[in-house]
Every structure is written in structure tokens, then in C-alpha cells.
Amino acid sequence: MGIDKFIPSFAALVDNCTSTRDLQKLKQIHARIIRLGISPHDFIRSKLVAAYASCAQISQASYIFSLTNRRSTFLYNSLIRGYSSLSLFSQSLSVFRQMLFACKPIDRHTFPVVLKSCCGLSALRLGRQVHCAVVANGLASDLANLNALISMYSKCGDLAVARKVFDKMPERNLVTWSAMMAGYGVHGVFGEVFELFDEMVDAGLEPDGVSFTAVLAACSHGGFVEKGRKYFWMMERRFGVRPGVEHYTCMVDMLGRAGLVEEAEELIGGMEVQPDDALWRAFLASCKIHGKVEVAERLAEKVYRHGRRLVLVPSLPHPFRGT
């Protein structure tokens, strides 16, 4: 048996790095794998590819992939996912094509990531072809694949087909509802977002942070201030969902668009999470639009007092100077 006896234990260690995304620990384990002489083993290489890809070290993952002789479906899926997670969608689809040319079997984990890459490139035609492949591979009832199809169609602008997939699903989870709501929200069909949210709650599902992001974004972009306040209020009080920075950003953007800059400032002051640059930019934009120079000055004082450097959007060259 020799050194092969170490392979299962080190594969488990690498898997742990994949789930925790601990790059430093992964490098240490990889060094031990090399010293033991088990790094050329294809099973270990496949685990390393998945781990480095999860840690956003796509060059290292791709290099190890290139060294691997027997490339499994798991190996291809790992690299496809790695590229897609870094928004390198063309490269992700290129690896998928390599997988097809190599005649590797497709499993239920392959197509959701491929559909995400199609969505990222707005490649609706290719997405439709992948939909056919989902059906041909017997995955037309798989929840993860159907959710990915809804996201792809809705974000690529084909809301009718997205809704058709949604309506025919025998089972739906929170991801399903959130994907459909987000799709409607992106294309300005705000009434459907609110209707779906109510239907989801009536169906017995409790909305999560992603669901509330979809509905609050719709309130922001549609100018539904009262609805936005209502949904934000019910998040924690009714459903026990603690607002994150993305929810506060939606609220700040919504209030700012409506000219309620002081209310947005008060909301920021009561935040229990650290504001990020997206939130500050949304707030600063509303100050600029509505001429709230004094509020913008208070913002700048707070930001720079905490040693932060705010990167402004190009259309807002400076918050304090007149145009």
C-alpha cells in the first residue's frame, strides 16, 4: 500500500480547506502532500483544484488541472465553478466545452454553474441550448437546475420562459422564489415582485436575507417608500431576519431617491453593521442630487474620521462642489 495510505486523510484535509476557504492552511497541507510524494495522484489533484478554486486561486487551480491525466466530472465541475465564481464567465464556458469534447458525463452540479456563466455574459441563445441539455440529461426535475434556469432566463430578459419554468415546478424553495422576484425586479415589473413575496409567505415559506434584498431593491428602484419601510420593519420583527449591509443599502438608496436624505442619514447612524462603499456612494449620490451639501459634509467627516477612503463614482466628481 505504501504512501497511498495517506491519500484518504489528506483528501479530507484538503476538503476542509475547500469548505473553509483557508488558503494559508491549504498551502501548508499542499506542501506536506508534495513532501510525501502523493501529489501526482489524480484524486489528490482533483481535490486540490477544487480547494484552490474555492480560495480564488484560479491560476494555481488551472495549473494543477493541466497536470492531471484522468480528469473526472468532479474535476471539470470544480474548475468551471472556480472561473464562474470570479466572474470569468468566458473561461468557465471554455472549460465546459473542453468537458464536452472529452465526452465526460454530466452530473446535476454541472449545469447550474454553466447557466450562471451564460447569465453573466447575457448569452441567452447559449442558455437555451443548455436548457435543452438539462432536459436531455434527465435533470428537468432537479431543483438546483430549475432554479438556475429561472435566474438565467429572467436576468437575460426572457421573463415569460422564466415564469413558465417557475409555474411548472413541482417543488419550490426560497432560492426559486427569490430568483423569480429578482428577475422581475431587474426588469421593472415591480408589482409581480410584491405579489410573489406575498404568495411565498402564504405558501408557508419564511423569507430570508436574499428574498428581502430582492423585494427591497424593487422598492428602491420603483420608488415604493412606504412598502420599503414596511418590508424593512417586518424583516427582524416578524421573520427574525437581521438586516445586513445590502438591505441597508437598498433602504438608503430608496430614501435618497425620494429626497428623504435626513431619514437615510438617521438610518445609517443606527446601523448595527459596518457600512460599505456601495452604501456610502448611494447616500452621497442622493446628497448630490438633492443639494444636501451640509449632510454630505457630515458624511465626509464620519468617513474620513474612521480612516476610510471613499471611491466616488465617475458621475460624482466631488460631493461639495457645485456643478
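# Group meeting: a tour of an all-helix model

Let's start with one helix. Helix α3 covers residues 42-54, which is 13 residues. From its first C-alpha to its last it reaches 18 Å, close to the 18 Å expected at 1.5 Å a residue. Keep in mind that this is a predicted model.

How many of the 13 residues of α3 are buried? Twelve of them are, so the helix is mostly covered, with buried meaning under 20% relative accessible area. Among the buried ones are Ile-44, Leu-48, Val-49 and Tyr-52. Charged residues are on that list too, including Asp-42, Arg-45 and Lys-47.

Now step back to the whole protein. The secondary structure comes to 18 helices and zero strands. The protein has 323 residues, and 46% of them count as buried. Along the principal axes, the C-alpha trace spans about 70 × 50 × 40 Å.

Two pairs of residues give a feel for distance. Take Ala-179 first. Ala-179 sits in helix α11, residues 174-186. Its relative accessibility is 9%, so Ala-179 counts as buried. Ile-3 is 176 residues away along the chain, and the two C-alpha atoms are separated by 47 Å.

Next, Phe-166. You will find Phe-166 in helix α10. Is Phe-166 buried or exposed? Phe-166 is at 1% relative accessibility, so this residue counts as buried. Measure from Phe-166 to Cys-55, C-alpha to C-alpha, and you get 33 Å. Along the sequence, those two are 111 residues apart.

On to charges. The model has eleven salt bridges by the rule used here. I'll show you three.

Number one joins the side chains of Arg-163 and Glu-192, at 3.4 Å from N to O. Arg-163 lies in helix α10, residues 159-168, and Glu-192 in helix α12, so the pair ties together parts that are 29 residues apart in sequence. How covered are the partners? Arg-163 counts as buried because its relative accessibility is 18%. Glu-192 has a relative accessible area of 25%, so Glu-192 is partly exposed.

Number two joins Glu-263 and Arg-229, with the closest N and O atoms 2.7 Å apart. This pair links distant parts of the chain, 34 residues apart. Glu-263 is in helix α16, residues 261-269, and Arg-229 is in helix α14, residues 225-239. At 30% relative accessibility, Glu-263 counts as partly exposed. Arg-229 is partly exposed as well, at 29%.

Number three is the salt bridge between the side chains of Arg-242 and Glu-272, 3.1 Å from N to O. Here the partners are in loops. Arg-242 is in the loop between α14 and α15, and Glu-272 is in the loop between α16 and α17. That pair also links distant parts of the chain, 30 residues apart. Are these partners buried or exposed? Arg-242 is at 53% relative accessibility, so Arg-242 counts as exposed. Glu-272 is exposed too, because its relative accessible area is 55%.

One more point on salt bridges. Some share partners, and that joins Arg-163, Asp-167 and Glu-192 into one network.

Back to helix α12 for a moment. Which residues gather in a patch of negative charge on the surface? They are Glu-195, Asp-198, Glu-199 and Asp-202. Look at Glu-199, which is found in helix α12, residues 190-202. Its relative accessibility is 32%, so Glu-199 counts as partly exposed.

Last topic: backbone angles. Most residues other than glycine have a negative phi. Now look at two residues with a positive phi.

Arg-21 is not a glycine, yet its phi is about 55°. Where is Arg-21? Arg-21 is in the loop between α1, residues 7-20, and α2, residues 23-36. With 59% relative accessibility, Arg-21 counts as exposed.

Ala-56 has a positive phi too, near 65°. Ala-56 lies in the loop between α3 and α4. So we are back beside our opening helix, α3. Ala-56 is at 38% relative accessibility, so this residue counts as partly exposed.

To recap, we have 18 helices and zero strands. We have eleven salt bridges. And α3 is mostly covered, with twelve of its 13 residues buried. Find those on the structure, then come back with questions.

Terms used. Residues numbered from 1 in each chain as written. Predicted model: local features only at pLDDT ≥ 70, side-chain atom pairs only at ≥ 80, totals over all residues. Heavy atoms only, no water. Patch = residues over 30% accessible without salt bridge, like charges linked within 9 Å, V, L, I, M, F, W, Y side chains within 5 Å. Areas by Shrake-Rupley, 256 points an atom, 1.4 Å probe, with all protein chains shown as cover. Salt bridge = Lys/Arg side-chain N within 4 Å of Asp/Glu carboxyl O. Lys, Arg positive; Asp, Glu negative; His and termini not counted. Charge placed at Lys NZ, Arg CZ, Asp CG, Glu CD. Helix = DSSP H or I, 4+ residues; strand = E, 2+ residues; numbered from the N terminus. Buried < 20%, exposed > 50% of the residue type's maximum accessible area, 1.4 Å probe, protein only. Expected span 1.5 Å × (residues − 1).
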